[in-house]
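Q: Please take a close look at the salt bridges in this structure. Which side chains pair, where do they sit, and are they buried or exposed?

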Amino acid sequence: MILLTMAVSFKFMKPTCTNGVCNKASPLQIAFFYSALYIVAIGAGGTKPNISTFGADQFDDYNPHEKKLKVSFFNWWMFSSFLGALFATLCLVYIQENFGWGLGYGIPAVGLLVSLFIFYLGTPIYRHKARKTKSPARELFQVLIAAFNNRKLQLPNSPSELQEFDLQYYIQTGKRQVHHTPVLRCLDKAAIKDGSNNADTSNPSSSSSSCTVTQVEGVKLVFGMMLIWLVTLIPSTIWAQINTLFVKQGTTLDRNLGPNFQIPAASLGSFVTFSMLLSVPMYDRFFVPFMRKKTGNPRGITLLQRLGIGFAIQVIAIAIAYAVEVRRMHVIRTHHVAGPKEIVPMSIFWLLPQYVLLGIADVFNAIGLLEFFYDQSPEDMQSLGTTFFTSGIGVGNFLNSFLVTMVDKITVTGGGKSWIGNNLNDSHLDYYYGFLLAISALNLGVYLWASSRYIYKKETLQALNEDCIRIDGKTMDTSPLGLQV
């Protein structure tokens, strides 16, 4: 951020301008500017997959009170993130446009320095979750290789006959034992005992070379998360419309608010943030306690139920967007609007419901996804779960660009009218929204199927200073919607 501030502040680092017309930037100026952007991206790559994971690790799963507080953590973590986003869209954008880019970039640069200082102040009191496995990723590959090598062997009739360390081993090491699940049975072959049946199962160094059930279940969890990840790409594509087609659609509508003020089309995106900021406290303080009394679930509803509700609200939002666009096209035909810069006599506030609904949907699916991937990740691989979340958003944006490009090329073939042309007043954006509605509804059906096949992680939590062993069977996540089989 310091380099970005320098790039827009020092005269020799930015193009010269005369009467509002700027010269082309030199290769050196372009290289410096993009280097700063890529350094920001590298920094974000280190921060985003780990910051929420590190925050959640501050709660002790062995402490019932802290475990209960952890249920709310992701709600308020996302709330604070969107509060910062609201400040950026309302305040920083105004500062950048009216006081210059140097001040607009300088303020967040100083903010990051202050945040870094506060972060380091907490260093003595942070809880650091000790890694109990030298290389979690290597264990995943070991399971796949062992399952392939044992592909011709016959699985035992009972899962209890598969290789697993005894409970004492997990108590002494502090690791979590993950219990067997009846899915992807082909992977269970990695845990077939190789004949060393007399090995000491409390000591891994003396046990057989087979993988354990816990290791196999870790791989199953990753495959399960990949399945859920795939069906989140379409919702991420719908989310991408907020900053693309919704804005372009808004530029064609009447944006006047009084005689002297015109609403920027992009500013409607702040209503997504507003609706989310209002919905998070309502969800955490009212919805969750109410549903907790009904279901007995500490989260109120299961993680996958939360995602399903969010995806359903998204389908409703895109259906409303389709209906509004049909209305806009009707007004265009009625008033004979044709030019690309002609304003359709229809208020921009017609777009408000779709923005608000997408903000509410985010409370369910965005926060739910982050919590789901953290909660269901194998031990020592929670940052991988957060990577699933962030990568899904990125791939969804790429998918959105791909769909727009392909639909535009296909619809103009043979001299046809583009659905998403430069002139939205002479296009068929309603057809494209109808297409998004169709694939969203289809994706919701696929999600319901995928969630019905998913089995939540069931693990044993042990502490050396406890006289009893508590088995966390994720009973909070076993209610219907076909989410547990």
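A: D284 is buried in this predicted model, because its relative accessibility of 5% falls under the 20% cut-off. The partner of D284 is R285, and the two side chains meet in a salt bridge with an N to O distance of 3.5 Å. R285 has a relative accessible area of 53% and is exposed, since the cut-off for that word is over 50%. This salt bridge therefore joins a buried side chain, D284, to an exposed one, R285.

Why can such pairs form at all? Side chains of opposite charge can pair when their charged atoms come close. The pair of R285 and D284 counts as a salt bridge because 3.5 Å is within the limit of 4 Å. By this rule the model has 9 salt bridges.

A second case is R127 with E66, where N and O are 2.6 Å apart. The two residues are 61 apart and the pair links distant parts of the chain. R127 lies in the loop between α4 (101–121) and α5 (136–149), while E66 belongs to helix α3 (residues 64–99). R127 is partly exposed, at 37% relative accessible area, whereas E66 is buried, at 16%.

A third case is D188 with K220, whose closest N and O atoms are 2.9 Å apart. This pair also links distant parts of the chain, with the two positions 32 residues apart in numbering. D188 is in the loop between β3 (177–178) and α7 (213–230), and K220 is in helix α7. Here D188 is buried, at 1% relative accessibility, and K220 is buried too, at 6%. D188 and K220 also belong to a network of salt bridges that includes R185 and E217.

Helix α7, which holds K220, also takes part in a nonpolar surface patch. The patch covers about 550 Å² and is made by F141, L144, I145, L184, F223 and M226. Two elements, α5 and α7, each give two or more residues to the patch, and α5 gives the most, with 3 residues. M226 is found in helix α7. M226 is partly exposed, with a relative accessible area of 37%, so M226 passes the cut-off of over 30% for patch residues. Helix α7 thus holds K220, a buried partner in a salt bridge, as well as M226, a partly exposed part of the nonpolar patch.

Key: Residues numbered from 1 in each chain as written. Predicted model: local features only at pLDDT ≥ 70, side-chain atom pairs only at ≥ 80, totals over all residues. Heavy atoms only, no water. Helix = DSSP H or I, 4+ residues; strand = E, 2+ residues; numbered from the N terminus. Buried < 20%, exposed > 50% of the residue type's maximum accessible area, 1.4 Å probe, protein only. Patch = residues over 30% accessible without salt bridge, like charges linked within 9 Å, V, L, I, M, F, W, Y side chains within 5 Å. Areas by Shrake-Rupley, 256 points an atom, 1.4 Å probe, with all protein chains shown as cover.
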